[in-house]
Amino acid sequence: MAAAAAAAADDDELRRRAALREAFGDSSDSDSDEPVVGASPPRSRGASREQWRWESISGVKGLWLCAAFLSADEQSRLLTAIRREGWFTDAHNQAMRFGDLPSWAVELSAVIHEAICVGDVNASCGVELKNEDEDACPLPSDLLWRKPLFDQLIANRYKPGEGICAHVDLMRFDDGIAIVSLESPCVMHFSRAEQEVVVCDTLESGHAESTKIPVYLNPGSLVLMSGDARYLWKHEINRKPGGQQWGGRELEQQIRTSITLRKLLASPN
């Protein structure tokens, strides 16, 4: 019985490793998922791309962007892993998972953790990183070192013209939310949560818009929201005709896939 259990565990581990290789490539480093603070990003996670660089979004405290989070090859591998789940059909464009996440999502969480620990915040943010300065880190330390970092996943597949209305994520989720964008680029707008205006039907209704802060999400980018950005700001993506403008031109819309990772709050006793 013990031998059979050990063999089954070995089979599970081999399947897990195969899934991780498919999503993120072979690893030339140790098998540990724990990142080493101060180390360079491992070659297995995109040696050819630039080092992770974090940009704090001006005007929204707690909002950080890593534009070059995933290389083109990593994006392709991740999309293949998502498609093999069989979640998306003509009738369903969203999938949610709670608790035990797919192995590729667990690995994605580990890469996010590593990018926060070793990414460069000086080059793009113009801030001096200090241990005591939580504002200079893309995620506060109490969130960064929780275990697990994330235990809830939402995968969305948006057709051209489809987006999300302005909202603050439900309070059943903890602080610290990560969004990975794949395929088509888009602009996500942030507006103060206390500003009560119609935002989903702005183009049709002609209601005056609140002050919005735009953030360009290219394929392979990662957004982190914590503190004010998570609780006091709404975020939206208006992909209706004319709703996606950046750099003075309208973005060409294609299929967009997004992965949102969050942490459920512990149930009250």
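**Pairing, burial and a surface patch**

Guide: Six bridges join β6 to β13, and the two strands run antiparallel. In β13, T257 is the bridge partner of L182.

Visitor: On what kind of model does this rest?

Guide: The model is predicted; local features require pLDDT of at least 70 and side-chain atom pairs pLDDT 80 or more, while totals for chains, interfaces and linings use all residues. Residues are numbered from 1 along each chain as its sequence is written, and side-chain values use heavy atoms, with hydrogens and water left out.

Visitor: What makes β4 and β13 a pair?

Guide: Strands pair if DSSP finds at least two bridges between them. Strand β4 (residues 152-158) and β13 have seven, in the antiparallel sense, so they meet that criterion. One of the bridges links Y158 to R256 in β13. Strands themselves are DSSP runs (E, at least two residues), as helices are (H or I, at least four), numbered from the N terminus; the protein chain has 13 strands and seven helices.

Visitor: Why is strand β13 called largely enclosed?

Guide: Buried means under 20% relative accessible area, exposed over 50%, and partly exposed in between (1.4 Å probe, protein chains only). Seven of the seven residues of β13 (residues 256-262) are buried, so the strand is largely enclosed by the rest of the structure. R256, S258, T260 and R262 point one way, T257, I259 and L261 the other, and all are buried. In a regular strand the side chains alternate between the two faces of the sheet.

Visitor: What is said of D175 with regard to burial and a salt bridge?

Guide: A salt bridge needs a side-chain nitrogen of Lys or Arg within 4 Å of a carboxyl oxygen of Asp or Glu. D175, in the loop between β5 (164-167) and β6 (177-183), is buried but has no salt bridge, and the nearest side chain of opposite charge, R230, is 4.7 Å away. Lys and Arg count as positive, Asp and Glu as negative; His and the chain ends are not counted. Beyond its neighbours within four places in sequence, D175 has contacts (heavy atoms within 4.5 Å) that include R146, R230 and Y231.

Visitor: Why does M171 count as partly exposed?

Guide: Its relative accessibility is 48%, so M171 falls between the two cut-offs already given. M171, Y231 and L232 form a nonpolar surface patch with about 260 Å² of accessible area together, by the Shrake-Rupley method with a 1.4 Å probe, where for residues only the protein chains shown count as cover. Patch residues have over 30% relative accessible area and no salt bridge; nonpolar side chains (Val, Leu, Ile, Met, Phe, Trp, Tyr) are joined within 5 Å, like charges within 9 Å.
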